[in-house]
Amino acid sequence: MKSKIETLKPNEFLESFMSFGSKRNDIFRQGYEDFYIARLQDLTEISKPPVPPVKAKTHSLIFLTSGVLTMKAGSEPIKIHENECIIIPEGKVFSHSEENFKEGEEGEGFICGFSDDFLIGQIGSRELLKSFEFLTVWGNPIIKLKNQSAKYLAQALVRMLDEYSTKGLQNKLILQSHLIATLCDINVDYRPLSSHKNKTAIELTNRFIELLHKNVKSIHQASSYASMLNISPNHLNKSIKLITQKSPSGWIKESIISEAKVLLFQTDLSIQEIAFELGFNDPSYFSRLYKKQEGLTPAHYRKMID
């Protein structure tokens, strides 16, 4: 039996969703587990939706120069247009359904995958990572770039693509320096999800989302997260609702369902085993929760994937 898989390694994702051929080999060169870059339209040729909910071990940056791209990050549907980016941080659940794909409306642009270790490399640091909120699970995945920023970003991506296409990862320092510059350009136009004036509530919300991301398989009670944050459940509820218009329990349920979908797709674990993996002692309660949230049972969802 296949054991639990928390995230798909790049090679596992590659084997699952990409057709074989020279174009795939050109995009995914030796070392692509740490860094790769391609034109989005080239990747589209070898990979068509659906991509069921999965996690990746690298950050993914998608920049559109034309067209439209629709997908899901976590449980939230997101859409970008020309001169906009989607950034899916490492470990965040994402998916792309056939319903979001329409012939003639495919987005064109660039896609770049990179690990924290590659970004840090020779000239970066852990402090550098903290500068880019969009690489966190609570960050805003959509960045709308001003015309000048979009121009600079496109130039940097073309330069990285040329370097990667001709020499692979032979000159990592060149790629790393351009990648850092690219993220700095994006950061100029980045806007947090909330512009609320209550900065304390925003910080608390971000900390809650990070804790939930790390503990969703074992902690399901909002009161437990309140205790971890050294505040009352009422304070937590008010703060999260103020910033996200959603309750902590709502966040918890959505996160459980996202994790369940990953396990239903990526593993051969039974529904009962998945329930236990997600911290439920009663598999029937897990199935009822799933059906209430999604309108179908976990078993039905798995059949749909198959």
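The points below go through the predicted model from its overall make-up to its sheet, its hairpin and two of its helix contacts.

1. Overall make-up. The protein is a predicted model, and its secondary structure comprises 14 helices and nine strands. Of its 306 residues, 50% are buried. When contacts between residues at least 6 apart in sequence are considered, 71% of them join residues at least 24 apart.

2. The open sheet. Five strands, in the order β1-β8-β3-β6-β9, make up an open sheet in which the pairing is antiparallel. The edges are taken by β1 (35-39) and β9 (142-144), and because each of these has a single partner strand, one side of each is left without a neighbour in the sheet. On average, and with direction ignored, neighbouring strands of this sheet are turned by 15° against each other.

3. The pairing of β1 with β8. Strand β8, which spans residues 108-114, pairs with β1 in the antiparallel sense over five bridges. To locate this pairing in the model, one may start from Arg-39, whose bridge partner in β8 is Phe-110.

4. A residue within the sheet. Ser-60 belongs to strand β3, and its relative accessible area is 15%, so that Ser-60 counts as buried, the limit being under 20%. If the neighbours of Ser-60 within four places in sequence are left aside, this residue is in contact with Ile-86, Ile-87, Ile-88 and Cys-112.

5. The helix across the sheet. Helix α6, made up of residues 147-167, lies across four strands, namely β1, β3 (59-66), β6 (84-88) and β8. With respect to β1, helix α6 runs at about 110°.

6. The contact of α6 with α7. The axis of α6 also comes within 10 Å of that of helix α7 (residues 172-189), and the two cross at roughly 160°. Since an angle over 145 degrees counts as roughly antiparallel, α6 is therefore roughly antiparallel to α7. The crossing of these two helices is left-handed. On the α6 side the contact is made by Ser-149, Tyr-152, Leu-153, Ala-156, Arg-159, Met-160, Glu-163 and Tyr-164, while α7 contributes Ile-174, Leu-175, His-178, Leu-179, Thr-182, Asp-185, Ile-186 and Asp-189. By class, the residues of this contact divide into nine nonpolar, three polar and four charged.

7. The contact of α11 with α14. Helix α11 (residues 248-266) and helix α14 (residues 298-305) have axes that come within 10 Å and cross at roughly 50°, and the two helices are therefore oblique to each other. Their crossing is right-handed. The residues that meet are Lys-261, Leu-263, Leu-264 and Phe-265 in α11 and Pro-298, Tyr-301, Arg-302 and Ile-305 in α14. Six residues of this contact are nonpolar and two are charged, with no polar residue taking part.

8. The β4-β5 hairpin. Strand β4 (residues 69-73) and strand β5 (residues 76-80) pair in the antiparallel sense over five bridges, and Ala-73 has Glu-76 as its bridge partner in β5. The two strands form a hairpin with two residues between them, and in the turn Gly-74 has a positive phi of about 70°.

Definitions and conventions:
Residues numbered from 1 in each chain as written. Predicted model: local features only at pLDDT ≥ 70, side-chain atom pairs only at ≥ 80, totals over all residues. Heavy atoms only, no water. Pairing = 2+ DSSP bridges. Axes fitted to C-alpha atoms, helices over the stretch in contact; angles between N-to-C directions. Contact = heavy atoms within 4.5 Å. Parallel < 35°, antiparallel > 145°, perpendicular 65-115°, else oblique. Left-handed = near helix turned anticlockwise from the far one by under 90°. Nonpolar A, V, L, I, M, F, W, Y, C, P; charged D, E, K, R; others polar. Buried < 20%, exposed > 50% of the residue type's maximum accessible area, 1.4 Å probe, protein only.
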